[in-house]
Structure formats: C-alpha cells, structure tokens
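Got the viewer open? Let's click through it together, one selection at a time.

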Amino acid sequence: MIEVRDVTKRFGSTVALDRVSFAVEKGKILGFLGPNGAGKSTTMKIITTFLAPDGGQVTVDGIDVLEQPLSVRRRIGYLPENVPLYHDMSVEEYLVFVGRARGLANPRLRERLAWCVEACGLRTEYKKRIQELSKGFRQRTGLAQALIHDPDILILDEPTSGLDPLQIIGIRQLIASLAGHKTVIFSTHILQEVGPVTDRVAIVNEGRIVADGRIGELTERAMGENRVFLTLRRPATEVEPALRGLPALSSLRALGEAPNGACRFELRAPFRHDLLGAIAGLASERGWPLTELQESRYSLEDTFIALTRAAGSQREVA
Amino acid sequence: MRNALVIFRREFASYFNSPIAYIFIIVFLLLTGLLFMLNFFLVGQADMRGFFGALPLLLTFFIPAISMRLWAEDRRQGTFELLMTLPMRPHEVMAGKYLAALAFFGVTLVGTLPIPIMLNALGNPDNGTLVTGYLGTLLMGALYLSVGIFTSGLMRDQISAFILGVMACLIMWLLGQTFVAAVFDGWIDGFGRLLQQYLGMTSHFEPMLRGVVALGDLVYFLALTSLFLALNALWLEGRKY
C-alpha cells in the first residue's frame, strides 16, 4: 500500500510536483504515465526516500517516508531511471553486493540470486562484467537488483527503456506476473506498454496528477463522447432525418457522398448510450444496406493527449 | 557495522578492479623510494627523516587521487541513488567508503616497508622513530582522506573533486609552513602563528618523526579527521536537492 498525499517538491524556483496525490493498494499495479519531465521520476524518488518532499506526506504500508526511511527502504525494490550499476563488477558480484547490502545471507542469498537470474533472463551474462553488457542486459541487471530481496513493493522507473520489442514483452510479462502479491508502480512514456500490464493508470503532467483511474474510465472522461462512423448506399436526404431521430445523439455530421451513391456520417453520443446498437437497430428496421458501421476506439494516446492538453489550457487560462 | 563492512568490501575491491590503483601504488613507491635513496646516499644516515619529511607535500596530491572517486563516481554513474535507498544509514555507507580508502592507503604504505627492513639490514636505525613516523603518516593520510571524501561529495566529477581536494589539503599544509605564517603575522600579529599551531598540519606531524607522540598532536589529527567526516555525514543527511 502506497499513499501519496499532497506532495510538493521544488527545485530552486521550479515546482517539480504540485500537490500530487494518489494511492496504490496492496497487490495492485499502477502505470505512471506522463511526458518527459512531468515529475514521474521525482515522485518515485520521493517514495523511495531518495528525495525528501517539501510538503505533503508519503506513507508506504502506513510508514511515513520521512519518519522511518529505513523501514520503508527495506520494503521497496527500486529501479531508478539511470540504472545504478557498478561497471567494474560482474553481474554476479553486483547482485551479491546488493543482496548483502539488503541484509541477505546464504543460503537465502543464493536462492534469491538463482531466482532473479532466471526471472530476468541473465543466465548467459551472469559471469560477465557489467561494462561488457548490452543496454538490454544492463536494464535487466538493474531489474534483478530491485527484485533481489523479494520486496513487497516495486518502484520501477522506465523499466523497459532501451530494450528491444521481445525483451519488452518479457519484462511486461514479468511485471504482470507480480500482480496480486506485489504492489508495483512503474513509469513509462510508451503508452502501448501499459495496457497489457495493468488497467490502472495515473497520468502526471507538469507536476500535477491530471488523471487517475482505470483506462476505460479515463477515456470516457477525457473524450466525453463515443464516435460512430456509418456508410450506406442510400440518399443522404432519406437517411439523415431518420438518424436525427436517434435518442441521445449529440451530433451528426455528413461526411459527403460517394459517386456510387453511398453517403458517410459521423455520429456522436455520450459514452453511456449504446449508439452502435441503436444505429444497427434502425438500419435493420429500415432495411438499409450498410457498408460501414464502426465505433472508433480511442487509444490511450488520444486520452493522454486530451488530458494533458486540457491541463495545459487550464493553466494558460489561469 | 555489518552494513559498513558490506560497503567496505565492495569499495576496497573496486580499487583493485581498475589499473589506476596499480599505477597509483607504483608511482607512489617509485617517487618515495627515489626521494629516500637520494637522501640516504647524500646524508648517509640510517633513518627515514627525508622520506617522511617529503610526505606532507606529496600526500596533498596523492591522497585526493585516492579519495576523489568515493562519492563523485557514484553520483556520476547513478549508483549514489542505489546507495542512498539501501536499508542503511548514510553514515554507514560513508564509513565503509572511508575505511576502504584508508585501507588502500595502508596497503600502499605496506609497500614502503622494504625501506625500514633494508635499513635494519644495513645499519642500526632507531626503530622507535620509524614506528612513530609511520603512525604519523597514517594519521596524516587519515586526515587528508577525510578532507578528500568530503570534497568528493561536493563534486559530480572526479577531476573537480581531485582539484578541490588538493587545494584543501594544500591549504592545510601551507598553514603549517613558517613562511606562510610570517605573511599572516605581517597582517595581524600572532594570527599566522595561531593558524600554524592549530590548523597547520606540519607542526603536529614533525614531532612524530623525532619519536615524540604528544597527546595534543593525536587530538589534532583525530579531531580534524572527525570534523571532516562529520561534515560529510551532515552533507549526506541534509541532502534534499
């Protein structure tokens, strides 16, 4: 359980975090999204006790990060954005060092080493010096370091940066497999990455949380309306009045007529109404020959852009 | 203590993981050996006064080279964030690092032991003064290292940490020199001598070369060393960025 309440952080005159609040329940995974420089890393550094907040409160399993930083650190596995590796050490030496520093001793240490090496796919690189490793293996060594003491809480800052698509899938699966028994916050600016791992996200922009919730809910809130495209071979003059009669329709736009006599429309209605079903019903009732009937799905990108833009324009107005 | 030991082991091993350590040891031994030999054949006495006498100035350059990487390197490569989020207190990390640097310096000093062994084989040196000379050197190294680890924390790259460390150690050395004290005395009478006595390093080191270990001198070294380590610990604890 991680609770962040009204956390503020300034670097000189810049406000890096402005009353940031969110919570992650035990065993849940939170995707932490935002453009570069939005405050993701700063928030994570505060949760992991690396930085102290200027205001607000952060508790991990009910323990305040400022009052008992050591107990908090013991519970957390942390992968910082700049993977903290000692290049002169081998993967084995490095993981043994971090394991010991986290209080592990044999035989438990050996057991955890074996698990981490397996889970992070490091077996072939185990004896190599870290400076010889590729970016992907360095990233995985960093992840292994965060997992070595089997922490209940994982804070992963851009865990998939620098990895190739196959490795990304591997790390994603690893994170997803932690769901249920570990509390995870992972940040990313690659939005496609979030969906397969979790549906719970917090979006941060310019030091503020602009959205926090399930991806579906956020989309509905950000976009407001559902969009449906319809194409059929009937004169627009016949179709349009019928469509206007649909309940809850908020806008109807004719997108022109094709030479073969087909016309295309864009219809919008609030998310809670089944616009697609209503149109399908109408079409079968009238015997319209449909050539296209599709709901345009909003991607997380659309939601993200809408939310971060909305926040930006609000600030300009203020 | 266990925590500091974990850090100590890594730091100490990392000195020997890079060629710089070996270069450092070889250059140091060559230089001090050469200085000793010149003096030895010139004066023809079975003692190490010339050897120890050269160290205060020599170490102002050598010690910061040992200590420069202690924090600066971690800050550059991001491992500082790892160290500061381990379940140990910052001063335990510092103790491990400091002791590793001190141990490395100790190893270097062990490399000079052929000199007293040779003296004993060739002549009849006063072994008491040799022991106190080594004690003084170790205390001086400990002091310079505490200055060095402190300056390493202030800098993000090793070269700046080195230069700042050399400057700090050099100031400490200069304050102990009579010609510097005379300059300060010229401005405010007694001020230079006061600085020389309380802050200058040489006046507390030289008695040990004569075999005199005064309590005041021990207190001087231990107090100043503790002061710089405390400053370093304060910097770590008070770090908020």
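The tour goes through a sheet, a residue and a pair of helices.

This is a predicted model, where local features need pLDDT of at least 70, side-chain atom pairs count only at pLDDT 80 or more, and totals for chains, interfaces and linings use all residues. Residues are numbered from 1 along each chain as its sequence is written, chains are lettered from A and ligands numbered from 1 in the order in which they are written, and side-chain values use heavy atoms, with hydrogens and water left out.

Start with chain A and select its open sheet, 4 antiparallel strands in the order β2-β1-β4-β5. (Strands are DSSP E runs of at least two residues and helices are H or I runs of at least four, numbered from the N terminus; strands pair if DSSP finds at least two bridges between them.) β2 (14-24) and β5 (63-64) of chain A are at the edges, so each has a single partner strand and one side without a neighbour in the sheet. Zoom in on β4(A), residues 55-60: 2 bridges tie this strand to β5(A), and Val60(A) has Ile63(A) as its bridge partner.

Next, hop to chain B and pick Arg69(B), in helix α4 (residues 69-77). Is Arg69(B) buried or exposed? Arg69(B) is buried, at 15% relative accessible area (buried is under 20%, exposed over 50%, partly exposed in between, with a 1.4 Å probe and protein chains only). Leaving out residues up to four places away in sequence, Arg69(B) touches several residues, including Glu11(B), Tyr15(B) and Asp74(B) (contact means heavy atoms within 4.5 Å).

Finally, add α6(B), residues 90-110, whose contact with α4(B) divides into 5 nonpolar, no polar and 2 charged residues (Ala, Val, Leu, Ile, Met, Phe, Trp, Tyr, Cys and Pro count as nonpolar, Asp, Glu, Lys and Arg as charged, the others, Gly among them, as polar).
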